[in-house]
Amino acid sequence: MVVSTRVRLHGRRRPALDRPALVALLLGLAGFGYRLLLTLLTVPVSNSDEATFGLAALHVAAGREHPVFLYGQRYMGTAESYLAAPLVAVAGPSWPVLRLPVLALWAVFVWLMYRLTRRICAPWHAVLVVGLLALGPERVLRDQLMAVGGRPEVKPAVVLILLVAVGLADGRVRARRLAVGAAGLVAGLAVWSDWLIVPYLAVAGLLLVWVLRRELFGWSGALLAAGFAVGTAPLIVDNLRAPPGQDSLSVLRRISTVTGAAPPLLDRLRGGLLEGVPLATGLCPADGCARWQQWFGLLYPALLAAAGALALVAYRRAAAGSSTTATAGNRGRPTADRAGPAAQLALVAGAALTLATYVRSPLAATDPLNNARYLSVLQLSLPVVLWPLWLAAVGVWRGTAGAAGRLAGASATAALAGLTATAVVATGLFVAGVGPVRAEERRARELADTVRRAGLRAVYGEYWTCNRLVFNTAEAVLCGVLDEELTPGQNRYGPYWRQVGQADRPGYVLAADGPADRRLRELLGARAAPALIAEVGGYRVYHPETAVRPWR
């Protein structure tokens, strides 16, 4: 199948989109416009995790810092900060400026997904995938629009590697060595950015190695290794310099270790399939799935198995056909007919490995809502997961199925229609509830303006307050993080804590009536009322005459 044809216009030849490509383009533009509007409105609401990436971008733009990992971590790369740094340097720090590169990554991802789905499945099936990706409730949009690390950039990297592998197999890629080196580079950058993508990178890398075969022993293999080494260079160098026990593997091993008895497998499967998969697919609001929205999670393993079986059958047929037509010149090189099913198998394996890794974690059972973000990479496998339903439905539309096939096709059509309708409803419910999200963002900005007008330049606050406040004030206000007992908390950027600690009379910005607020009023006693200078947006701003630092 070709993506476009050529027509003559006033003596010139230009590419003309065929009907599936045109419909996909319109759907993609609608999804882009929807996300651009939300980006300009700062929806979803910002938080301190995202602000930390923004502050890193601000520091890179100013030439002050060149962080390899997110401040306070040693395992999540700062690619999004580096992408945003030029915009921050020109326009200054703001949430839309920080999110625009992430929006561009989403557009690249959808475009690559269309091309890959069309290449290994069918043109109109690619249109369906683009339409579903264009939709998006809050849980999906958090991963697609917020600069919170990893997922926006690693998904297009995997699709690009798969496209390179398929293109090398069918001869569409002319500059083979350049393409192989580029594939190695984006794979290395993806590993540096977010280790969550490793299962998909592993299967995509195996496909690429299978396609190249003997070429790996020449320049192609050297360029692939060199590209990967360059992409992972920041990760490698930082880990070589890390103190004992502070390398990325050690840190990840510590944070993934949960004490106590692990929840039963059934609970972890329930959290992973009934909550995680629908949330990651965009079928549910961020606060959880209703029962009528969980059906796709139950169906997902069966669809994954069916997709794997279809890919194996297609591969065997392609292998049998190519063996009868093989010549001495092409024997041993995988053909395009086999590369497509092999790419489908890679996507099936990537989803299966990701799900298996997720349900091993106790968090799949104990906190499925907050941890469903780790399944957002399952969007990569959406084309192959829906492929069995599509084939069954198309068989009915074309009238080529028997009685059993017609029943299966009708069921598949109903499932595809139900999936689309559920995603549309979830997106609509999110759009209808944007008002409170906008109000929360306005309150955060009002808080920042209030603190600045009060003349405060050094304050203490809680984690979800501090870096967001610093970013909203472009570092005009620095903030040190305290926990509920007013002792040092999770200070991602050490210099802020040290500078606030040097202030003779710091302020305090605490959630009204929260544990930290109550603790401060207890320590201040009769001085609490005079120290309160503002109450805005659910926060209280204090400026005591003397600093309150109980940890000293």
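A: A polar contact is a pair of N or O atoms within 3.5 Å; within protein, one must be able to donate a hydrogen and the other to accept it, and neighbours in sequence count only through side-chain atoms on both sides. The model is predicted, so local features need pLDDT of at least 70 and side-chain atom pairs pLDDT 80 or more, while totals for chains, interfaces and linings use all residues. Residues are numbered from 1 along each chain as its sequence is written, and side-chain values use heavy atoms, without hydrogens and water.

Q: With which side chain does R492 make a polar contact?
A: With that of Y463, at 2.7 Å. The side chain of R492 also reaches a backbone oxygen, that of Y71, at 3.1 Å.

Q: Where does R492 sit, and is R492 buried or exposed?
A: R492 lies in the loop between β4 (478-481) and α21 (494-501). Helices (H or I, at least four residues) and strands (E, at least two) are DSSP runs, numbered from the N terminus. Buried means under 20% relative accessible area, exposed over 50%, partly exposed in between (1.4 Å probe, protein chains only). R492 has 13% relative accessibility, so R492 is buried.

Q: Which residues is R492 in contact with?
A: Contact means heavy atoms within 4.5 Å. Setting aside neighbours within four places in sequence, R492 is in contact with D49, T52, L70, Y71, G72, Q73, Y463 and N467. Take T52, in helix α2. T52 is buried, at 0% relative accessibility. Beyond four places in sequence, T52 touches L70, Y71, N467 and R492. Three of these names, L70, Y71 and N467, also appear among the contacts of R492.

Q: How many salt bridges are there?
A: A salt bridge puts a side-chain nitrogen of Lys or Arg within 4 Å of a carboxyl oxygen of Asp or Glu. The count by this rule is 18.

Q: Where in the chain are the partners D18 and R118?
A: D18 and R118 form a salt bridge at 2.4 Å, N to O. The pair links distant parts of the chain, 100 residues apart: D18 is in the loop between β2 (12-17) and α1 (19-40), and R118 is in helix α4 (residues 95-120). D18 is buried, since its relative accessibility is 19%. R118 is buried too, at 6%.

Q: Which helices hold E50 and R99?
A: These two side chains meet in a salt bridge at 2.8 Å, N to O. E50 belongs to helix α2 (residues 48-62) and R99 to helix α4, so the pair links distant parts of the chain, 49 residues apart. E50 is buried, with a relative accessible area of 0%. R99 is also buried at 0%.

Q: How many residues apart are R142 and E138?
A: They are 4 residues apart in helix α6 (residues 138-145), about one turn of the helix. Their salt bridge spans 3.0 Å, N to O. R142 is partly exposed at 27%, whereas E138 is buried at 18%. Elsewhere in the list, bridges with shared partners join R139, D143, R151 and D194 into one network.

Q: How many cavities of 30 Å³ or more does the structure hold?
A: On a 1 Å grid over the protein atoms alone, a cavity is a set of points where a 1.4 Å probe fits but cannot get out; a pocket is an open set with protein on both sides within 12 Å along at least five of seven lines; lining residues have an atom within 4 Å of a point. Points are joined across faces, edges and corners, and a volume is the space filled by probe spheres set on them. There are 5 such cavities. The largest has a volume of about 170 Å³. Its lining has 19 residues, with A280, T281, G282, Q379 and L382 closest to the centre. α18 gives the most to this lining, with 3 residues.

Q: How many charged residues line the largest cavity?
A: Ala, Val, Leu, Ile, Met, Phe, Trp, Tyr, Cys and Pro count as nonpolar, Asp, Glu, Lys and Arg as charged, and the others, Gly among them, as polar. The largest cavity has no charged lining residues, with 13 nonpolar and 6 polar.

Q: Which element gives the most to the lining of the second largest pocket?
A: α13, with 6 residues. This pocket holds about 710 Å³. Of its 29 lining residues, I120, C121, A122, Q344 and W387 lie nearest the centre. The lining divides into 19 nonpolar, 3 polar and 7 charged.
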